[in-house]
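Got your viewer open? Let's take a short tour, one selection at a time.

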Amino acid sequence: MDSRQPLISLNGVTKVYRMGEIEVQALRGIDLQIVEGEFIAIMGASGSGKSTLMNLIGCLDTPSEGTYLLEDVDVAELDDDSLAMIRNLRIGFVFQSFNLIPRSTALHNVEMPLIYAGDSAQRLERALAALDLVGLADRAHHQPSELSGGQQQRVAIARALITEPAILLADEPTGNLDTESSLEIMRLLTRLNEQGRTIVLITHEGDIATFASRVVRLRDGLILSDDRQVPREPAGAEAPSEQAAAEAVS
Amino acid sequence: MSVGEALRLAWQGLLANRLRSGLTMLGILIGVGAVILLVAVGNGASIKVQNQVQALGSNIVYIYPSSTKAGGVSQGFGSGSTLTQADVNALNDRSQAPDIVTAIPVAQASGNMTWQNQNWFAQTTGSTQDFAQVRAYDIKTGAMFTAADVTSSSKVVVVGQTVVDNLFQGQDPVGQQIKINRVTFTVVGTFASKGSAALGNQDNVAVVPITTAWNYLTGGRGKNISQIVIQATSADTVKAAQTEATNILLNLHQVADPTNPDFTSQSQQDILNATSQITGTLTVLLGAIAAISLVVGGIGIMNIMLVTVTERTREIGIRKAIGARRRDILLQFLIESMVLSGLGGLLGIASGWLIATQITSIKIGSLASLPQPVVSIPSVLLAFGVSVGIGLFFGIYPANRAAGLHPIEALRYE
């Protein structure tokens, strides 16, 4: 399929949760390779295991069985602090509910991963540059409550990008947004992918998945299909709301 | 994460809930303030008592008769009458007692005094002309009676300020005739006030020549000496003077068993030690009571930190997702609780100190004003240290709970 070395390699991954007496088999054996520069959408109805898969890929959780190699490192062998370091440096999270820290400015939210990385070199400049990339340089000193949903999600994307991670992991990034803001965010992700960023998108919306170049469908903890597709061309720079993002990218 | 970052976060966290932070701080503030204030009050009392003991005279040793036994029953402190004028004479022998300046006999008589239509009750003391010097009384008006008065048992008296105030109602007492136990005395002088009360009012005194006391006031108890007061040459020789006096009296009284003599000696230092033991206990007790409120304040901090951690579960999840390690979260919440308690501690020190300096101006009814509290620097440092320590101690459990949260569950928390 692809000659490049996989960035993410899942082999026979299962995940079992215990809910009281009942064992829930969220993932029943997933084999998945993701190479650098891919824009992959993982689709599935609720209960299909896509959130569990995202938690595993994001190193928030470890598999029950099977191996997960992230950049050739077996995640199962790492302790909590090493997992935290991987989340900090190699993975950028974008959540459905934005998950910004309330009562902290956009700038402070964006620089937070650098604080935990202990990386203080030009921290403010880098945070400002990341905000500029998502077209929000002029909102740097606003608190999340003073920003629209789309703006908050762009701040979250800037935060995810600040440590130059290997993958951007977006969990239903448009789930809480209106159509226009959704398009805005998807175009931003497309641009980031065009610049070489690997993006893993979790969604249940078909038209959001059309932005990706590869769609993996899950059902009941198993991969149902794995298709490559021509990504929907972003609607272009003519949309006024697109302008800020377009400027930032150029 | 650096401590500086954690401090900034803690400050943001506290500002986000101003009222709650303020009330929690109030708990520590009151605790620390109470410790500072009550220890200061204890210290003040201790220093006041020490000053009063100093005011008894300088470099003083008291000799009392031991208790006698009658039919196997001890008759209590000072009930014996084993001290004699011969003892006093021997103690005044410089060749045997080089460290003693002078030794004076004291005989006590209670005396109801009258002047014109006024009457007053004061301790009447019989002694020698050296009494004023040994017991550090200053003459205010008139003069001390003389050696000649002692020899001739003159009916003269020197009175203290309390007697002057109560008996003479503003008149000059010197030269006035007063009656003590219906015997007429001439007032020849007055003592300046010593202005202290804890060890008995030292101004409510009347001093007459000891011979006069024996002849007219002690009522048939003969030449009784209730105590001998010895003045040593200096503070350094008090111990030596006490030893010399003890040896002289052991010899003179032919005491067979030196561990059970028929007299007791007590230096000013002994009294000071005894009283500072009492006041020290008082200070510790007051401090301990105040410390309880500090513990209560600490529990308040723990309570609020637990609420804060629960409230910010989602924030903790976010921080963990973007790379915060266990110790980053731990540090954030520990520093927050330490800032909370440390600030409360600083405010408590300030308010405790302020009240300590103002409290003497408060008078409660007819009660005498409190002794001036003395804030001790060690208690301030200790209180601050303890308040920060309380933040640490009571913050560990909530912070640990925060740090131990699983990122996925924390992120799902609504």
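Which residues of H3(A) are buried? Select helix H3, residues 106-117 of chain A, to find out. Keep in mind as you look that this is a predicted model. The buried ones are Ala106(A), Leu107(A), His108(A), Asn109(A), Val110(A), Glu111(A), Met112(A), Pro113(A), Leu114(A), Ile115(A) and Tyr116(A). That's 11 of the 12 residues in the helix, so the rest of the structure largely encloses it.

Now bring up what covers them. From chain A, the cover includes helix H2 (80-89), helix H4 (123-133) and helix H5 (149-161). Chain B joins in too, with helix H1 (3-16) and helix H11 (326-358). Before moving on, click on Gly118(A), just after H3(A): its phi is positive, at about 70°.

Next stop, the place where the chains meet. Here 19 residues of chain A are in contact with 16 residues of chain B. On the chain A side, H2 and H3 each supply at least two residues, and H2(A) gives the most, with 6. Color that side of chain A by residue type and you'll get 10 nonpolar, 3 polar and 6 charged residues.

Last, color chain A by pLDDT. The chain averages 87, and 91% of its residues score at least 70. Among its elements, strand E3 (residues 39-43) has the highest mean, 94, while helix H8 (residues 243-249) has the lowest, 47. Select residues 235-250 of chain A, and you'll see pLDDT stay under 50 throughout. Where pLDDT is low, don't read the predicted coordinates in detail.

Note on methods. Residues numbered from 1 in each chain as written. Chains lettered and ligands numbered in written order. Predicted model: local features only at pLDDT ≥ 70, side-chain atom pairs only at ≥ 80, totals over all residues. pLDDT = per-residue confidence, 0-100. Helix = DSSP H or I, 4+ residues; strand = E, 2+ residues; numbered from the N terminus. Contact = placed C-beta atoms within 7 Å. Buried ≥ 20, exposed ≤ 12 C-beta atoms within 10 Å, placed from the backbone. Nonpolar A, V, L, I, M, F, W, Y, C, P; charged D, E, K, R; others polar.
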